Amino acid sequence: MKQPREEAKILEDLATLAASPGYVHAVAHLCHRDNVIHIQGELKPADMDRLFSKERLIRTELTTVIGLMAKKPLDLSPQPPDVVQKYVRSTDLLMRELHEAMSYPMFAAMIEAVKVGEAPPEPWRGAGMREPIFYGTESAYAFQYRDFVPEKYGADDAWLQKTMGFTSGQARAIAKTFCDLMDEKGTRLLADARVAKAPPATWLPAFEFSVDEVVFRSGVAKDVVDAFFQALLFAGDNAGFKEAGDFNEVAARPLLPTDRGTVLLFSHYAIYEALYESPFFWMWDDKTYRATAAKHRGAFTEKFAARRLAGVFGREHVHTNVNLHRGKDIVGEADVLVIYGDRLIIVQAKAKKLTIAARKGNDSQLKADFAAAIQDSYDQGWTCAKEMLAGGCRLVDDEGNEVALPVNVKEVFLVSLVSDHYPALAFQASQSLKFQTTDVIRPPFVMDVFLLDTLTEMLATPLRLLSYVKLRVDVADKLMSGHELTVLGYHLSKNLWLDEKSDLVILDDSLAQPMDVAMLVRRDNQPGDDTPAGILTKMRGTRYESLIKELEARADPATLELGFHLLSMDEESSRNVHRLLEAVTRKTQVDGQRHDVTLASRTPPSGVCFHCNPKPSLEAIAVLERHCAKRKYELRAPQWFGVSVGPAGDVQFGATLDFPWEASEEMDKLTEGMKEPLLVRDALPGYVREAGKMKIGRNDPCHCGSGRKYKKCCLP
């Protein structure tokens, strides 16, 4: 592996290039090329291909280039197209070289260790973490930064109004106006270019703004807009920005002043992120307000988590600031506690950031930051879980209400939640988090508020969300991705069930594209599909989907477990469930009798008994439980499920048998001569197999008694 030039030399060359006459036009070109999505009609995943290209410059790279340019007074002088293109090519080459230089120490150490026959050093420490931190996938959508601002800083509005001259809501409105104007100006330039059949001389006008046009467009008073401009106006020479990881003032103050009374802003993301991050530091400089600002910052994370989770589980299932009392002592506090059926989610929230020293590869600071942001919150959650499971604790929420735990807790999920962008969060957690598990306490799930927002938006029911969390923590040790949004995007498309034979699965960031589109449609009012094609769409209108919805409407432990089992099925198995339910419900509708069918799998052994009863009864419950017990024993399965539905497909009751298989002479006699169940792998489209026999071909009379052929009647 060829050793690249020193990082400092590359940055010197970049700084020299950025000081070239009219270099700002190259920056405008790069920002248009690498940040702008071109949409014709509805927004489609393919429209975002460019954003996932390895050739584009990502936000941290563009911010670096702009930060280096800002070290000198802006030169807006027009340049010939060939000069601008030369600037662009040189920038791309130098940024590629910078990436190689930042990656080199890690790979060089590993190669050298192999050469001398030693065990490779741990690569993800100190300097080895600089590359994933700098080049890691963004954790937030731009519109999340924008929309969370009033919620994050609403409690500080009095201070903001008095000290800065605007409220959080006004700041959001002004920032959105910038971005709306940017889109309109860029669209006009593109339209003119198409008419002229030539690219514009410069893309800079799309990124240039005056106070007056922002005032006119936003409807916000001029003095308020002036105050906003001053707060986010770049006012220094950025002399302290010398290497990647240093504080870059253009990230905190992205409005670059020109010599013609305007400002330059190069992306939506820049102003929205600055508006989300910077106010806390403004308040921190006011020592008299510092404690209040810190209190509000922590409260935001907890309240946000509670609000989003309540939208999924219902307010009655979500409790905040729950103290665990054991005698006179408080032995733990859960920031947010979700109790749903026999499942618990314990959320511990933190408002800690990755410091500049850590971003630059200081190993001890990396560890200290991670401990403060993630490890401490996990440890607190673990303590709470252990105390709850030990029994004898009295739980009291922040309103003084006692919180009752389920008699038997099946699973506890621990969530460590941070409020700000924490670079390479998932990667750092996989490398550094020390955790324990039990049969009940599952591996931890580390996330930020942006992922929680997306999770609860796309998986908006208890069963869907809990099922994903279960699947995600189960594959934590065999899955690698740039960001958790990638994993969620894969799940929405394919279902996050990994074959046991898979030792390691690496997911490409582009898997999140359909979900990115759906979120833009939902939150940014873009035209397009608001749900990614996949697990949320493929079974629409089927009996399977109706059954899932029925199970989602209740917090019963037995049916909840069945729901998890159903959601873990692949598409063909899900369609088999639809066919079987269609068959047995139609039969009951015709003759008014009970009918049943079993869907089973031998690898791993498990299955579901479906009963359709004209009316629920104690006898029907007993029959279902006996049927499940026999099928469970016959296939030597550790777990079996049963569900009874009415003739219309509504869930009447459910059963879950979850205990180790043991040989029994009594059960041997009871199961002797049992007919084969329908096996998942045998359930072919166009057939229903019941009581061990294949019957009802496509051209046979339909089982419902209609007199029509099966293919013309009940065949899906």
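This briefing walks through the fold, a few strand pairings, a surface patch and the salt bridges of the structure above. Please keep in mind that the model is predicted. The protein chain has 716 residues, and buried residues make up 54% of them. Its secondary structure comprises 25 helices and 19 strands.

**The chain as a whole**

- The accessible surface of the protein chain comes to about 32,100 Å². Carbon and sulfur atoms account for 52% of that surface.
- Many contacts link distant stretches of sequence: among contacts between residues at least 6 apart, 70% join residues at least 24 apart.

**Strand β14 and its two neighbours**

- Let's begin with β14, which spans residues 605-612. This strand is mostly covered, with 7 of its 8 residues buried.
- On one pairing, β14 runs antiparallel to strand β13 (residues 595-602), and 8 bridges join the two.
- If you would like a pair of residues to look for in the β13 and β14 pairing, try T598, whose bridge partner in β14 is C609.
- β13 and β14 form a hairpin, and 2 residues lie between them.
- β14 also pairs with strand β15 (residues 639-645), this time in parallel and through 5 bridges.
- Here a handy marker is V608, which has F641 of β15 as its bridge partner.
- To get from β14 to β15, the chain passes through helix α24 (residues 618-634), and this β-α-β crossover is right-handed.
- As general background, strands of a sheet pair through backbone hydrogen bonds, in either a parallel or an antiparallel way.

**A three-stranded sheet**

- Another place to visit is an open sheet of 3 strands in the order β1-β3-β2, with antiparallel pairing.
- Its edge strands are β1 (208-209) and β2 (256-257), each of which pairs on one side only.
- β2 meets strand β3 (residues 263-264) over 2 bridges, in the antiparallel sense.
- Within that pairing, L256 has L264 of β3 as its bridge partner.

**A salt bridge at the three-stranded sheet**

- R260 and E208 form a salt bridge, with their closest N and O atoms 2.7 Å apart.
- Why does this pair tie together separate parts of the chain? R260 lies in the loop between β2 and β3 while E208 is in strand β1, so the linked parts are 52 residues apart in sequence.
- The two partners have their own levels of exposure: R260 is partly exposed at a relative accessible area of 46%, whereas E208 is buried at 13%.

**Other salt bridges**

- Across the whole structure, a search finds 44 salt bridges.
- In general, side chains of opposite charge can pair when their charged atoms come close.
- E411 and R442 meet through their side chains in a salt bridge of 3.4 Å, N to O.
- This pair ties together parts 31 residues apart in sequence, because E411 lies in strand β9 (residues 411-418) and R442 in the loop between α16 (425-432) and β10 (445-448).
- Are these two partners buried or exposed? E411 counts as buried, at 8% relative accessibility, and R442 is buried as well, with a relative accessible area of 17%.
- R575 and E571 give another example, with their side chains meeting at 3.3 Å, N to O.
- These two residues are 4 apart in helix α23 (residues 571-591), so about one helical turn separates them.
- R575 counts as partly exposed at 25% relative accessibility, and E571 is partly exposed too, with a relative accessible area of 36%.
- Salt bridges with shared partners also build a network: D342, R343, E411, R442, K470, D474 and E561 are joined into one.

**A nonpolar patch on the surface**

- Which residues form a nonpolar patch on the surface? They are M480, L504 and I506, and together they have about 310 Å² of accessible area.
- M480 is placed in strand β11 (residues 479-481).
- A relative accessible area of 38% makes M480 partly exposed. Patch residues need over 30%, so M480 passes that cut-off with its 38%.

Key: Residues numbered from 1 in each chain as written. Predicted model: local features only at pLDDT ≥ 70, side-chain atom pairs only at ≥ 80, totals over all residues. Heavy atoms only, no water. Buried < 20%, exposed > 50% of the residue type's maximum accessible area, 1.4 Å probe, protein only. Pairing = 2+ DSSP bridges. Right-handed = clockwise from strand over helix to strand, strands pointing away. Patch = residues over 30% accessible without salt bridge, like charges linked within 9 Å, V, L, I, M, F, W, Y side chains within 5 Å. Areas by Shrake-Rupley, 256 points an atom, 1.4 Å probe, with all protein chains shown as cover. Salt bridge = Lys/Arg side-chain N within 4 Å of Asp/Glu carboxyl O. Contact = heavy atoms within 4.5 Å.
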